[in-house]
Amino acid sequence: MPDDREQAPATSMLDRIELVLEALDDNGYLTLSETTRLTGIPSSSAHRLLEKMVAMRWLNRVGSRYELGVRLFELGSRAVRNHWFHRASLPILQDLHRSTGAVVHLAILDGADTIYWEKLSGTFGANVPSRLGGRYPAHRSAVGKALLMRLPRELFDQPVFAHLEAGVVGGRKALEAELDRALAEGITYDRGMSVPDLGCIGASISRGIPKPAAISICGPLDRIVNDRRMAEAVQRAAAAIERAARQVDAEARTT
């Protein structure tokens, strides 16, 4: 948890709830004392807030520990499954998964991070360190680079992108050159950067939701990135999702 949250605790109810949920996301569960330490919320206020969230089923209390509750799982599942863009994308993602045998991701961009919106795993899924709703630095994965490649380069000067080049040989200049090549080719790669011997291919989806979206496939490095048919399958799927999103948009405009 960043230090600035501890030094400048939020005072509004919504801000405090957000801090609690972020702390839970980082730690899995919290005691009252951990909640106070990580969020900066005074102990008495934190206790009232935690118990209120338990009563609302947002949290579950097990002894002295608090963890995410069933109501948040229900709401999160609905948010994922009921969104029109996810509904339009899912059949195409399933076809891509069946045709390639690879792990398939659908992701959006939040700041400089990838947020995984869907993951179709199969037998290889345990080897890919991603999870539904998980967050990962965008520049360190194929799907993340597909999200970044359409952004204006001047956006990278903003503070949110301060660590964008971390771990990239050659720094920001090399990353921007890679993104420029990816934009020209319409495809991105991860050749063992996130996990040794893991290969991923990504493609961006330029239409459909306010934030950038992208898809990727992941699998054994030598199988995924050396087969041009894999790249073509990802590009076709991304194009199909764009068409599906365009159709939904057109139908919405006529109703």
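Biologist: Hi! In the hairpin of strand 6 and strand 7, which residue takes a positive phi?
Modeller: That is G192, with a phi near 80°. The hairpin has six residues between its two strands. Keep in mind that this is a predicted model.

Biologist: Thanks! How many bridges join strand 6 to strand 7?
Modeller: Four, and the two strands run antiparallel. As an example, T188 stands opposite G202 in strand 7.

Biologist: And what does strand 7 do on its other side, with strand 8? How many bridges are there?
Modeller: Strand 7 and strand 8 pair over eight bridges, again in the antiparallel sense. There, S204 stands opposite A214 in strand 8.

Biologist: Is strand 7 mostly covered or mostly open?
Modeller: Mostly covered: eight of its eight residues are buried. L198, C200, G202 and S204 point one way, while G199, I201, A203 and I205 point the other way.

Biologist: Let's zoom out. In what order do the strands of the sheet come?
Modeller: The order is 5-4-3-8-7-6, in an open sheet of six strands with antiparallel pairing. Strand 5 (135-137) and strand 6 (188-191) are the edge strands, each pairing on one side only. On average, neighbouring strands are turned by 30° against each other, direction ignored.

Biologist: What about strand 3 and strand 4, how many bridges do they share?
Modeller: They pair over seven bridges, in the antiparallel sense. H105 has K119 in strand 4 as its bridge partner.

Biologist: New topic: the largest nonpolar core. Which residues touch the most other members?
Modeller: F85, I201, I205, I215 and I217 do, out of 33 residues in that core. At least two residues come from each of helix 6, strand 3, strand 4, strand 7, strand 8 and helix 10. Helix 10 gives the most, with ten residues.

Biologist: I205 keeps coming up. What is it in contact with?
Modeller: Leaving aside neighbours within four places in sequence, I205 is in contact with F85, L106, A213, A214, I215, A238, I241 and E242. There is also another core lying apart, with 20 residues that include M149 and L175.

Biologist: F85 belongs to helix 6, right? Where is the kink in that helix?
Modeller: F85 is one of the buried residues of helix 6, along with others including H86, L93 and T100. The kink, of about 35°, lies at L90, shortly before the proline P91.

Biologist: What span should the helix have, and what does the model give?
Modeller: At 1.5 Å a residue, its 17 residues should span 24 Å, and the end C-alpha atoms are 25 Å apart, which agrees. After helix 6 comes G101, with a positive phi near 70°.

Conventions: Residues are numbered from 1 along each chain as its sequence is written. This is a predicted model: local features need pLDDT of at least 70, side-chain atom pairs count only at pLDDT 80 or more; totals for chains, interfaces and linings use all residues. Side-chain values use heavy atoms; hydrogens and water are left out. A nonpolar core is a set of buried Ala, Val, Leu, Ile, Met, Phe, Trp, Tyr and Cys residues joined through side-chain atoms within 4.5 Å. Buried means under 20% relative accessible area, exposed over 50%, partly exposed in between (1.4 Å probe, protein chains only). Contact means heavy atoms within 4.5 Å. The expected span of a helix is 1.5 Å times one less than its number of residues. The bend at a residue is the angle between axes fitted to the seven residues ending there and the seven starting there. Two strands pair if DSSP finds at least two bridges between them. Axes are lines fitted to C-alpha atoms, for helices over the stretch in contact, and angles run from 0 to 180 degrees between N-to-C directions.
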